[in-house]
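Me: I am new to this structure and would like a close look at one part of it. Please start from a single residue and work outward, in short sentences.

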Amino acid sequence: MKLPLSLLNSTMPSGSGSLVWFRKGLRIHDNPALEYASRGSNYVYPLFVIDPHYMEPDPNAFSPGSTRAGINRIHFLLESLHDLDLNLKKLGSRLLVLKGEPSQVLIHCLKEWDVKKLCFEYDTDPYYQALDNRVKNYASTAGIEVFSPVSHTLFNPADIIEKNGGRPPLNYQSFLKLAGEPPWASSPLSVDLSSIPPVGDVGSCEILQVPTLKELGYVEKDQDEFTPFRGGESEALRRLRESLSDKEWVANFEKPKGDPSAYVKPATTVLSPYLKFGCLSSRYFYQCLKDVYKNVKRHTSPPVSLVGQLLWREFFYTVAFGTPNFDKMKGNKICKQIPWNVDDKLLAAWREARTGYPWIDAIMVQFVHWEKGRDVFERLLIDSDWAINNGNWLWLSCSSFFYQYNRIYSPTSFGRKYDPNGNYIRHFLPVLKDMPKEYIYEPWTAPLSVQTKAKCIIGRDYPKPVVSHDSASKECRRKMREAYALNQKLKGLVSEEDLKKLGSKLDEDEDEGQEPNPRRKRQKLIN
């Protein structure tokens, strides 16, 4: 829907104008780009561009959403934009929404609105780095001042890399030593703006309101089907206050301790989606945590504390920024080269919660090629973050950072340790809600009479396990051991031909070591 030009102060005379380009950083508090744009300007244009690359519906995707994002994350983003618009209106401004390829839209607006200052939060993601360079190149030739502060992270990753001789630190402790305290931490952050200069003449630009899902081309779902996490700065700050109100909990927070099966009251702050979209400033969160620590007798420390969790985020951002092809195996210098198995059926079974392992199906965890698993998480997670998502998959696949490939969590005993009754499974897999607790983690072992009474016949109402965990984990360890040996022998310089040869050898060894089984190929573990 196009806004009436009268609401956009279109009759105002032209003057010194600043444009604030929102991407992440969807907030008013601790927003240096917005604050700088407001300083000394007659007009400020707060702009968000609907990027088809991110938000256009993809009819061929495996679930509703765009090519890159599931519908829940898009819905969260729209809520965040709506909240940002409301908060801007309280300060005498509003959010201007346009649609198109962002760099083209930005350059058109810079010309149309006679902008003197272009302000946007610095972004380390490769996609935005490329966009930003195109826009900055135009601004430079047009004599437009560009202000792009680092405020999405606690540190400027480039500074950490420079301190380390031009290379990103590859372990957490090294990162901590290099980083120290953030340079801004000794002074209070600017978290309040009393007003923002009004929006100036928008010329011929077709300004939109924040669209609905339907206006973007999606089928509206019932509100109950969406995630319970509402988007926006207002909700982020409310959740932050709620988390910080329990100072003892904040002081004693220790990850990975905590119940991973807790879903009514999670064992964490659940602030990650708000940090991802910048509805909550990580810097403000950091300062609030430090204030709590000052007023308690003792508290946990990194890497397990809440501040430690923020610093893990910084670690992954730094390594991602300093590592070409960080999101790939090939061409990634810090990633071990491993001949992963590829089985689209098993991948779909994991993605669609059909592995036959209730704990796995309830939380979507399985051994897969890390790029494949990363793609699923990148699309479906509300808090999907390029650096952190890729970093965690590299870590947990033992491709980088963490190399203890012998540590394999059981899909049955791990969950039972925290939730012996299987309440988490019963909540997220209602088909198993009546299964007795002694069988809830391994329902295929239940006698048929028990399955019948529970109204869940394994193989009909709920799938049989897609693999034998015992044999699959042994196979995984064997293959990883040989892949590690090859990487060590060749000092990481493993070619595609080397990978093919190793893959063939592993398959031959497997054939020689097992009885013929027509189902073996289907049941092979995806690593």
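Does Cys109 count as buried or exposed, and what is its relative accessibility?

Reply: First, a caution: this is a predicted model. Cys109 counts as buried, because its relative accessibility is 0%.

Start with the helix that holds this cysteine. Helix H4 spans residues 102-112, and Cys109 is one of its buried residues. The others are Pro102, Ser103, Val105, Leu106, Ile107 and Leu110. What do these buried residues pack against? Their partners are strands E1, E2, E3 and E4, together with helix H5. After H4 comes Asp114, which has a positive phi near 55°.

Now the sulfur of Cys109. Its closest cysteine sulfur belongs to Cys205, at 4.2 Å. That is too far for a bond, since a disulfide needs the two sulfur atoms within 2.5 Å. Cys335 is in no disulfide either. The nearest cysteine sulfur to Cys335 is that of Cys398, 11 Å away. Cys335 is buried too, with a relative accessible area of 6%. The count of disulfides comes to 0.

Next, the strands that H4 packs against. They belong to an open sheet of 5 strands. The order is E3-E2-E1-E4-E5, and the pairing is parallel. Which strands stand at the edges? They are E3 (96-99) and E5 (145-147). Each has a single partner strand, so one side of each is left without a neighbour in the sheet. On average, neighbouring strands are turned by 30° against each other, direction ignored.

Look at the pairings one by one. E2 covers residues 43-50 and pairs with E3 in the parallel sense, over 4 bridges. One residue to follow is Phe48, whose bridge partner in E3 is Val97. Helix H5, residues 126-142, also packs on this sheet. H5 touches E1 (17-22), E4 (115-119) and E5. The direction of H5 makes about 170° with that of E1. E1 and E2 run parallel and are joined by 6 bridges. In E2, Tyr43 is the bridge partner of Gly17.

How covered is E1? Mostly: 6 of its 6 residues are buried. Both faces are covered. One side carries Gly17, Leu19 and Trp21. The other carries Ser18, Val20 and Phe22.

A loop residue also reaches this region. Pro211 sits in the loop between helix H7 (172-179) and helix H8 (233-244). Its relative accessibility is 12%, so Pro211 counts as buried. Leaving aside residues up to four places away in sequence, Pro211 touches Ile50, Leu78, Val97 and Leu216. Val97 has appeared already, as the partner of Phe48. Pro211 and Ser38 are 173 residues apart in sequence, and their C-alpha atoms are 26 Å apart in space.

From that loop, step back to H7 and on to the helices it meets. The axes of H7 and helix H12 (residues 306-321) come within 10 Å. They cross at roughly 95°. That makes H7 roughly perpendicular to H12. From H7, the contact uses Tyr172, Phe175 and Leu176. From H12 come Gly308, Leu311, Trp312, Glu314, Phe315 and Thr318. These residues divide into 6 nonpolar, 2 polar and 1 charged.

H12 also packs with helix H16, residues 386-396. The angle is about 90°, and the axes are 8 Å apart. H12 is thus roughly perpendicular to H16. The H12 residues in this contact are Trp312, Arg313, Phe316, Tyr317 and Ala320. They meet Trp386, Ala387, Ile388, Gly391, Asn392 and Trp395 in H16. By class, there are 8 nonpolar, 2 polar and 1 charged residues here. Trp312 takes part in the contact with H7 and in the contact with H16.

One last stop lies beyond H12. Asp343 is in the loop between H12 and helix H13 (344-351). Asp343 is buried, with a relative accessible area of 16%. The C-alpha atoms of Asp343 and Ala158 are separated by 39 Å, and the two residues are 185 apart along the chain.

Back to the starting point. Cys109 is buried, and the buried residues of H4 pack against four named strands, E1, E2, E3 and E4, and against H5.

Terms used. Residues numbered from 1 in each chain as written. Predicted model: local features only at pLDDT ≥ 70, side-chain atom pairs only at ≥ 80, totals over all residues. Heavy atoms only, no water. Pairing = 2+ DSSP bridges. Helix = DSSP H or I, 4+ residues; strand = E, 2+ residues; numbered from the N terminus. Axes fitted to C-alpha atoms, helices over the stretch in contact; angles between N-to-C directions. Contact = heavy atoms within 4.5 Å. Buried < 20%, exposed > 50% of the residue type's maximum accessible area, 1.4 Å probe, protein only. Parallel < 35°, antiparallel > 145°, perpendicular 65-115°, else oblique. Nonpolar A, V, L, I, M, F, W, Y, C, P; charged D, E, K, R; others polar.
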